[in-house]
Amino acid sequence: FFLFQSLGLIVPLLLAVAFLTLAERKVIASIQRRKGPNVVGFFGILQPLCDGLKLLIKEPVLPNSANLVIFIGAPILTFILALLA
């Protein structure tokens, strides 16, 4: 039950951020008098999906000298605390 509540909060939040990023790119492109993201889908509407897919299939970069627990756990902890606030 908790998993569905969490996904019900996280998924719309991620979608909103993705499409707000697209809107930001479009506004910045219009300020600079260029087209902006318009290659993927109708008027670039699938661009956030492609950005997310690219993020998922990227090779993870883990520094050799880093403490892996802190390196991986700190962003997760920050995200969880931001959701709880």
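**Notebook: pockets, a salt bridge and one backbone angle**

I started with the second largest pocket and listed its lining: F2, Q5, S6, L9, I10, F79, I80, L83 and L84. The model is a predicted one, and I read every entry here with that in mind.

I then asked which elements give two or more residues to this lining. They are α1 and α3, the latter spanning 68-84. α1 gives the most, with five residues. By class I noted seven nonpolar residues, two polar and no charged ones. The volume of the second largest pocket came out at about 180 Å³.

**Largest pocket**

Next I looked up the largest pocket. Its volume is about 670 Å³. It has 18 lining residues, and the closest to its centre are L14, P48, D51, G52 and L55.

Where does the largest share of this lining come from? I found that α1 supplies it, with nine residues. Both α1 (2-31) and α2 (47-57) supply at least two residues each. I sorted the lining by class: 13 residues are nonpolar, three are polar and two are charged.

**Salt bridge**

D51 had come up among the residues closest to the centre of the largest pocket, and I followed it further. The side chain of D51 meets that of R25 in a salt bridge, at 2.9 Å from N to O. The count for the model is one salt bridge. As background, side chains of opposite charge can pair when their charged atoms come close.

I placed the two partners next. R25 sits in helix α1 and D51 in helix α2. They are 26 residues apart, and the pair links distant parts of the chain.

How exposed are the partners? I looked up the relative accessible area of each. R25 has 32%, so I logged R25 as partly exposed. D51 has 29%, so D51 is also partly exposed. The range I applied for that label runs from 20% to 50%.

**Backbone angle at R33**

Last, I checked R33. Its phi is positive, about 55°, although R33 is not a glycine. I flagged that because most residues other than glycine have a negative phi.

Where is R33 found? I located R33 in the loop between α1 and α2. I also asked whether R33 is buried or exposed. R33 has a relative accessible area of 79%, so I entered R33 as exposed. The cut-off for that label is over 50%.

Definitions and conventions
Residues numbered from 1 in each chain as written. Predicted model: local features only at pLDDT ≥ 70, side-chain atom pairs only at ≥ 80, totals over all residues. Heavy atoms only, no water. 1 Å grid on protein atoms, 1.4 Å probe; cavity = no way out; pocket = protein on both sides within 12 Å on 5 of 7 lines; lining within 4 Å. Points joined across faces, edges and corners; volume = space filled by probe spheres on them. Helix = DSSP H or I, 4+ residues; strand = E, 2+ residues; numbered from the N terminus. Nonpolar A, V, L, I, M, F, W, Y, C, P; charged D, E, K, R; others polar. Buried < 20%, exposed > 50% of the residue type's maximum accessible area, 1.4 Å probe, protein only. Salt bridge = Lys/Arg side-chain N within 4 Å of Asp/Glu carboxyl O.
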